[in-house]
Amino acid sequence: MKTTKPELSWLTDPQVFAVNRLAAHSDHICYRTAAEAAARRTSLRQSLDGEWRFCWSPNPAARPADFWRPDADLSAFGTIQVPGHIELQGYGELQYTNTLYPWDGRAALRPPQIDWDNAPVGSYVTEFTVDEGLRGQRVCVSFQGVEQAMYLWCNGVFVGYAEDSFTPSEFDLTDCLQEGTNRLCVEVHKRCSASWIEDQDFFRFSGIFRPVYLYAKPKVHLADLWLQAGLEQDNLTGTLTPRVQLEGETEGARVTLRLTDSEGYALYEGPVTGDTLELQGVQPWSHATPTLYHAELTVTDREGTVQEVVPYDIGFRRFEMVDGVMCLNGERVVFNGVNRHEWNAERGRAIGPEDMDAAMEVFRRNNINAVRTCHYPNQSRWYDLCDRNGIYMIDETNLESHGSWQKLGAVEPSWNVPGSLPEWKDCVVDRARSMFERDKNHTAVLIWSCGNESYAGEDILAMTEFFHQQDPGRLVHYEGVFHNRDFDAISDMESRMYEKPWNIRDYLESKPAKPFILCEYMHDMGNSLGGMESYIRLAEKYPQYQGGFIWDYMDQALWHTDALGRRVLGYGGDFGERTTDYNFSGNGIVYADGAEKPAMQEVRYWYADAADRAAQDARNDAAAKAADTALAASWEARARQPLTVTEGDGNLGVKGDGFEILFSYTEGGPSSLRIGGTEWLWRAPRPAVWRAATDNDRGCGFAQRSGAWLAADALSKAGQPEVVVEAPDRVTVEYRFPLVSVPGAEAVLRYTVLDQGALEVEAVYHGVEGAPELPCFGVRFQTAAPVAATRWTGLSGETYPDRYKGADFGCFEEVPHIEPHLVPQECGLHWQTRQAVLQQRDARGRTTASLTLQSCGEPFAFSALPNTAEELEAAQHPCELPVTGRTAVTVLGASRGVGGIDSWGTDVEEAYRLDGSREYTVQFRILLR
Ligand code: GAL
């Protein structure tokens with residue numbers, strides 16, 4: 001080993017990113033024997049995960065610079081779990097920031113500088129004795145992920161240095177190991193030149209956050225393996241070119257390969273020569289049939305003694321560009337994809353196998369067939385899962401320098417890195433190489449990605465050239481050329497993010513050379529994911545539209561205890577940090593705890609086959625008809641019973657069999673609705689002209705433009721009602737609400753008590769020229785006591801006009817609740833409802849009273865929530881919502897969609913907006929007996 005003196009100056013030198021680091025290689029696992037391989041337990045590895053000694057320092061000057069000496073006094077050291085982030089274990093500061101560099105406004109820096117006063121250092125120490133299985137061989141250490149730069153010592157000897165948080169850094173320890181106890185010391189720096197190119201939109205952590213292990217290299221060792229598998233045009237003949245790289249006593253050593261199918265039948269058994277094998281009758285690998293074959297390589301030494309056994313599962317497939325269309329096994333592929341950050345709400349990006357297994361289950365349940373490993377290579381297990389489950393992968397290099405070229409949305413690349421700067425080129429190509437070498441055997445990886453949002457230049461072009469030279473069997477992706485067309489050659493496909501459907505159509509109709517994908521679309525921040533249909537229709541019409549990747553899989557938020565001692569999901573800013581982008585990291589189709597958001601049914605639907613979708617539509621149509629007819633008949637059959645009217649000084653009372661209503665002359669509506677002795681109203685119902693702004697409503701400026709309706713919703717007051725008594729058949733009471741803050745606007749709420757035992761409610765808004773767009777129109781009231789459960793006939797789950805096709809039609813039940821978006825907002829709407837029954841229940845769960853709302857022909861939308869729109873609007877976290885003991889019931893005839901194109905400017909598609917100059921109505925009846 002070369003001895004080198006470690007220098008702090010490496011931290012700010014982009015040309016120093018690896019010192020003594022071993023060459024990157026495939027992620028195969030070596031076993032000592034075939035029996036070990038069969039049991040998947042290798043004696044050639046020794047985990048170093050667990051509790052390490054630890055000291056945190058705010059900057060390099062304050063760090064214990066000599067801690068690596070064998071006799072260093074560690075009495076002032078605390079402890080830390082490896083793997084894990086430093087900031088989640090009580091040291092340093094958490095920070096969530098999107099494009100702005102973490103030090104923005106605090107230190108005037110330019111690449112590759114760092115703020116030496118604010119550059120935390122974690123000093124880690126562990127001790128180990130080498131396991132039996134590793135002794136007498138070369139022993140290396142593998143750090144699977146260390147953020148962001150690490151210096152390594154072993155027994156007082158400096159071993160090496162490495163950057164790149166998301167690929168392994170490995171070093172040979174053989175020459176510094178000793179009998180008995182060995183001491184390994186790692187100095188982890190949170191800031192280095194790499195901080196400029198790891199500017200992903202995520203929580204900024206540091207530390208040893210992926211597993212660490214020792215591994216031994218027997219006297220002959222399989223250092224690298226590439227089972228380059230392909231599929232001939234006939235889709236029956238598999239090709240396999242095994243490439244192996246041996247280390248150690250290679251003279252006379254041999255590698256044999258046994259390739260078997262899932263039944264154990266051997267397709268090949270023999271030496272690895274470097275020639276291409278032709279294998280007849282293979283089953284091609286794809287999402288529909290993710291067939292894998294089992295390869296087992298056996299490494300023997302000169303004497304023929306087995307040194308290592310290496311299992312690896314591979315699939316046969318052909319991924320290629322055919323006439324400007326990406327094809328898998330000869331067929332056009334459409335990515336029904338999702339972007340996925342590695343995330344766990346307790347452990348941040350230090351996720352475990354169970355997190356990956358859970359995510360894969362969600363993928364399988366919801367027809368997701370592709371993933372982009374935004375924005376860095378993931379843990380190897382995820383690739384195994386994708387291989388096995390037929391999930392197409394865009395494997396993305398750990399590169400993002402967003403803040404160096406885009407400033408407050410504007411493209412300003414004057415100091416962009418890496419750009420075409422020669423001093424950054426090796427470093428970014430090295431990142432591409434580290435990913436490529438590790439992941440090249442994974443069948444699921446179809447596309448290499450050069451990184452995310454780093455603008456474009458010679459350096460990224462060199463990454464693409466690297467991928468192409470190494471790997472003719474895959475394509476290269478990079479979105480950043482969108483901002484710099486001089487470097488269009490970087491990407492094999494036209495990739496954009498959040499592009500509007502109509503712009504994509506323009507591109508596709510221009511007879512483009514490259515196919516189109518959306519590396520990010522459907523920005524699922526808060527209550528979103530409306531309008532997905534527009535994108536799916538593009539895929540149906542244009543062969544060159546090859547799908548997209550929803551942004552993104554999981555809300556990134558962290559469980560923490562707030563200032564009042566409450567356990568809450570914290571987001572940016574909750575940890576005291578600034579600069580921050582607050583809840584902008586909450587864009588998942590699952591919440592941070594892994595639970596699916598209501599929008600998931602829409603993903604599942606649009607990502608299903610067209611035939612499955614058509615079958616679901618037909619089922620729903622029939623069920624909605626099996627429901628409308630029954631409802632009409634039950635209404636016709638209702639018996640008539642006379643009404644009695646009592647005219648008081650402040651109220652008009654209407655009584656019938658089992659019910660009593662008081663229409664107030666001053667309160668703008670009925671102040672009491674008693675059915676079977678149960679009072680249902682807390683206050684008189686009111687026009688509903690506001691919904692708690694969604695993240696998308698705020699992001700596109702709708703909430704600001706249409707804020708007048710917020711005041712109208714909260715403050716409008718009706719005058720004296722108009723009463724028409726036609727007792728004993730019917731009584732009509734009409735209230736007019738001038739909608740304050742929107743000049744000329746008025747809502748009319750008309751109540752008709754019918755002798756069929758029903759209160760018909762009709763609300764009308766006539767439309768006013770120049771009035772702002774409405775979020776919704778209808779009627780709302782709060783119940784006097786909490787509703788325990790709601791049963792409705794209509795669409796399953798939560799639905800909106802631009803997000804309901806994925807629902808099933810039927811009868812459903814739910815407990816009124818607020819969807820736990822990071823910031824509370826509009827939620828819980830049920831579009832196209834025929835009937836809703838609100839139930840009060842006793843402590844034993846028995847229904848004690850119920851209120852039935854029925855459509856009068858046209859379906860309505862409703863929600864029953866524990867909070868009003870105004871309460872939702874005011875809360876910053878779900879735990880801040882007041883517990884009122886009332887239920888807010890909203891019945892709508894019209895609602896704006898939730899949108900989903902992006903959350904920072906693009907409005908809901910036109911068809912799903914409510915024009916303030918048009919008329920909107922809603923009509924429904926409340927059954928009184
Ligand atoms: C993209 C970016 C993502 C994320 C998203 C907004 O520009 O690639 O990392 O920031 O926008 O949520």
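These legends accompany close-up views of a predicted model.

**View 1. The ligand and the residues around it.** Let us start where the ligand sits. Around the ligand there are 13 residues, and Asp201, His375, Glu453, Glu520 and His523 come nearest. Sorted by class, this shell has five nonpolar, five polar and three charged residues.

**View 2. Side-chain contacts to ligand oxygen atoms.** Here we zoom in on three of the side chains. In Asp201, an N or O atom of the side chain is 2.4 Å from an oxygen atom of the ligand. For His375, the distance from a polar side-chain atom to an oxygen atom of the ligand is 2.7 Å. Glu453 likewise has a side-chain N or O atom 2.7 Å from an oxygen atom of the ligand. The ligand taken alone exposes 310 Å², of which the protein buries 95%.

**View 3. The largest cavity.** Rolling a probe the size of a water molecule over the atoms shows where empty space is left. In this model, five cavities of 30 Å³ or more turn up, and the largest has a volume of about 210 Å³. Its lining is made by 19 residues, with Trp690, Glu826, Ser863, Ala869 and Thr890 lying nearest the centre of the cavity.

**View 4. What lines the largest cavity.** If you would like to trace the wall through the fold, look for strand S48 (776–782), strand S54 (860–865), helix H13 (869–874) and strand S55 (888–895), each of which supplies at least two lining residues. The lining of this cavity comprises 10 nonpolar, six polar and three charged residues.

**View 5. The annotated span 653–927.** An unreviewed UniProt entry lists residues 653–927 as "domain: Beta galactosidase small chain/". In the model, this span is 41% strand and 8% helix, and its end C-alpha atoms lie 17 Å apart.

**View 6. Two cis peptide bonds.** Most residues other than glycine have a negative phi, and most peptide bonds are trans. Two bonds ending at a proline are worth a look here. Val417 and Pro418 are joined by a cis peptide bond with omega at about 0°; Pro418 belongs to the loop between strand S30 (410–411) and helix H4 (422–439). Ala727 and Pro728 are also joined by a cis peptide bond, with omega at about 5°. You will find Pro728 in the loop that runs between strand S44 (722–726) and strand S45 (730–738).

**View 7. A positive phi at Leu408.** Although Leu408 is not a glycine, its phi is positive, at about 50°. Leu408 is placed in the loop between strand S29 (406–407) and strand S30. Strand S30 also begins the stretch shown in the previous view, where the loop holding Pro418 lies between S30 and helix H4.

Notes:
Residues numbered from 1 in each chain as written. Predicted model: local features only at pLDDT ≥ 70, side-chain atom pairs only at ≥ 80, totals over all residues. Heavy atoms only, no water. 1 Å grid on protein atoms, 1.4 Å probe; cavity = no way out; pocket = protein on both sides within 12 Å on 5 of 7 lines; lining within 4 Å. Points joined across faces, edges and corners; volume = space filled by probe spheres on them. Helix = DSSP H or I, 4+ residues; strand = E, 2+ residues; numbered from the N terminus. Nonpolar A, V, L, I, M, F, W, Y, C, P; charged D, E, K, R; others polar. Near = heavy atom within 4 Å. Polar contact = N/O pair within 3.5 Å; in protein donor to acceptor, adjacent residues only side chain to side chain. Areas by Shrake-Rupley, 256 points an atom, 1.4 Å probe, with all protein chains shown as cover. UniProt positions renumbered as here; feature names shortened; annotations may be inferred.
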